[in-house]
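Work through the exercises below with the model open beside you. Try each task before you read its solution.

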Amino acid sequence: MQQLLSVQVGTARRIRVAERSILTAYGKQPVAGAVPVLPLGLRGDEQADLSIHGGLEKAVYAYPSEHYAFWQAARREAGLGAIDDSLPPGSLGENLTLEGLLETGVWAGDVLRFPGCELRVTLPREPCHKFNAAMGLGRASKLMAQTGFCGFYLAVQTPGTLRAGDAFDVIPGRRGVGIPALFAAKLFKHLR
């Protein structure tokens, strides 16, 4: 069964990473109840760098819950498990934590039909230096590139609402290119 486990929103804020101050919207927090879904994303959610995240084609970011065990293990291996082993939903910067739908099972153009709205799959997420900082691992972006555990962006096809616990269906699109193939096309720069 495909289910929306958690819905998260967050605001952009400045954090210190080594000697730098960076603007980030990582650390999204779960929302209880129905969340309005508007053409540019979830009400109350912000993105720090609109040249990379956000906009009509990247309005909502979804991530498979099945990958969380991998990231917890990677953090334990790096000695970070004692600091925070929980990695709550939203830790990877996602708005939607999904169960039952991996990147390998979704194609650009597929539609996720929820009871209160429809979201169209557009692109894989590419990791950035902020992902390394959020995970506490200098090699987190490289691990995402190696595993393909990237999640995917969604455009709002039919605005409405989302709620944690909603089941959803995948309505196939043209099935021209899958998320793994799109991610592989951008992979090289992250493996250097």
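Three exercises on this predicted model follow.

**Exercise 1. Overall form**

Task: Find out why the radius of gyration of the chain agrees with that of a compact globule.

Solution:
- Start with the length: the chain has 192 residues.
- A compact globule with 192 residues would have a radius of gyration near 16 Å.
- The chain has 16 Å, so the two agree.
- Now look at the box: the C-alpha atoms fill roughly 45 × 35 × 30 Å along the principal axes.
- Then turn to burial: 44% of the 192 residues count as buried, where buried means under 20% relative accessible area.

**Exercise 2. The open sheet**

Task: Which strands stand at the edges of the open sheet?

Solution:
- Count the elements: the chain has five helices and 13 strands.
- Eight strands form the open sheet, with mixed pairing.
- Read their order: 4-1-8-7-11-10-9-13.
- Strand 4 (29-30) and strand 13 (169-171) stand at the edges.
- Each has a single partner strand, so one side of each is left without a neighbour in the sheet.
- Check the partner of strand 4: two bridges join strand 4 to strand 1 (residues 3-9), and the two run antiparallel.
- Locate one facing pair: Q8 stands opposite P30 in strand 4.

**Exercise 3. Surface and charge**

Task: How many positive and negative side chains does the chain have?

Solution:
- Take the surface: about 9100 Å² is accessible, and 56% of that belongs to carbon and sulfur atoms.
- Count the charges: 21 side chains are positive and 17 are negative.
- Locate the centres of the two sets: they lie 7 Å apart.

Definitions and conventions:
Residues are numbered from 1 along each chain as its sequence is written. This is a predicted model: local features need pLDDT of at least 70, side-chain atom pairs count only at pLDDT 80 or more; totals for chains, interfaces and linings use all residues. Side-chain values use heavy atoms; hydrogens and water are left out. Helices (H or I, at least four residues) and strands (E, at least two) are DSSP runs, numbered from the N terminus. The radius of gyration is taken over C-alpha atoms; the globule rule is 2.2 Å times the number of residues to the power 0.38. Buried means under 20% relative accessible area, exposed over 50%, partly exposed in between (1.4 Å probe, protein chains only). Accessible areas come from the Shrake-Rupley method with a 1.4 Å probe; for residues, only the protein chains shown count as cover. Lys and Arg count as positive and Asp and Glu as negative; His and the chain ends are not counted. The place of a charge is taken as NZ of Lys, CZ of Arg, CG of Asp or CD of Glu. Two strands pair if DSSP finds at least two bridges between them.
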